[in-house]
Amino acid sequence: MVIPPITPATEGALLVPYPATLDVPHELVEHVAWLLYEHRRTRNTRWRKLGCFKQALLTLVHLRKNETFSQLGAGFGISQATAWRYVDEVLGVLVSWAPGLHEALTGLGEGDHVIVDGTLIPIDRIRADEPYYSMKHRKHGMNVQVIARPDGTPLWFSRATPGRTHDLTAARAHGIVQACLTRHILVLADRAYQGAGATIRTPYYHHSEQPEHYQQFNRDHARLRAPGERAFAQLKSWRLLRQARCSTRRISTIVQAIHTLLIFNYSG
């Protein structure tokens, strides 16, 4: 595998490829290649310049290292437009394997609990793009909700909504509150979800001024919620989501595709 140098100065210029490695398991590349092979076989697609393994690797490099399409094209010996098409095809295949909300909650019910939280995917936007500006994070981005197991394993990622969307508003819009209520699943969430009611439990405000058992509740609540941060840490280990340069409409696709990759890592 060859990857071009990552410098803005080379954008649009003659790129010089060089050998590099990718910090993902070889089995993950093979798994994505197999999914792509099945996709090609089902659709009876024509010959491609890159085989399934190389096309899978191309996509993982883009997601993991946030390489531009011109850099990817130079590294893999294809045009910038072809690199975009190949990545887009693999993303579509991965998204088709991502679980929906109800599928993700299958097997959970009364007596179980999950962690719900939101994160901001930073994006390149100007000050005038108000819908994408998050006052909480003081930056532009897209809001993504996650449902995680008690150990931090992600069960489900929502589609991305504009950054100024409040976490509780997003949770209701995505159906998280109602889905967990229907199954009687206890939800641990932060103060942004206060007022959700149902089965959602949030910390008390001004707990230091409250009786000791209120303070103990908040300490226990924080301890049980802490592993939920692992889900977002794993999501953003794919560098493309640390500062997304793509269309905001594409971020949901990328999040769902990465979730499919994370599922394989857990099951592999």
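In this predicted model, Asp-220 and Arg-223 sit together in helix α8, three residues apart, which is about one turn of the helix. Their side chains meet in a salt bridge, with nitrogen and oxygen 3.7 Å apart. Asp-220 is partly exposed, its relative accessible area being 29%, whereas Arg-223 counts as exposed because its relative accessible area of 55% lies over 50%.

Salt bridges that share partners also build a network, in which Asp-117, Asp-190 and Arg-225 are joined. Within this network, the side chains of Arg-225 and Asp-190 form a salt bridge with a distance of 3.9 Å from N to O. Arg-225 belongs to helix α8, which covers residues 212-225, while Asp-190 lies in the loop between β8 (186-188) and β9 (200-201), so this pair ties together parts of the chain that are 35 residues apart in sequence. Both Arg-225 and Asp-190 are buried.

Another salt bridge is found between Asp-167 and Lys-136, whose closest N and O atoms are 3.8 Å apart. This pair, too, links distant parts of the chain, since Asp-167 is in helix α6 (residues 167-173) and Lys-136 is in the loop between β4 (133-134) and β5 (139-148), with 31 residues separating them. The two partners differ in their surroundings: Asp-167 is buried because its relative accessible area of 8% is under 20%, while Lys-136, at 57% relative accessibility, is exposed. By the rule that a side-chain nitrogen of Lys or Arg must be within 4 Å of a carboxyl oxygen of Asp or Glu, the count comes to nine salt bridges, among them the bridge of Asp-220 with Arg-223, that of Arg-225 with Asp-190 and that of Asp-167 with Lys-136.

The loop that holds Lys-136 lies between β4 and β5, and from strand β5 the reader can turn to the pairing of strands. β5 pairs with strand β6, made up of residues 154-157, in the antiparallel sense and over three bridges. One of the residues involved is Ile-147, whose bridge partner in β6 is Trp-156. Together β5 and β6 form a hairpin, with five residues between the two strands, and in the turn Gly-152 has a positive phi of about 95°.

Terms used. Residues are numbered from 1 along each chain as its sequence is written. This is a predicted model: local features need pLDDT of at least 70, side-chain atom pairs count only at pLDDT 80 or more; totals for chains, interfaces and linings use all residues. Side-chain values use heavy atoms; hydrogens and water are left out. Helices (H or I, at least four residues) and strands (E, at least two) are DSSP runs, numbered from the N terminus. Buried means under 20% relative accessible area, exposed over 50%, partly exposed in between (1.4 Å probe, protein chains only). Two strands pair if DSSP finds at least two bridges between them.
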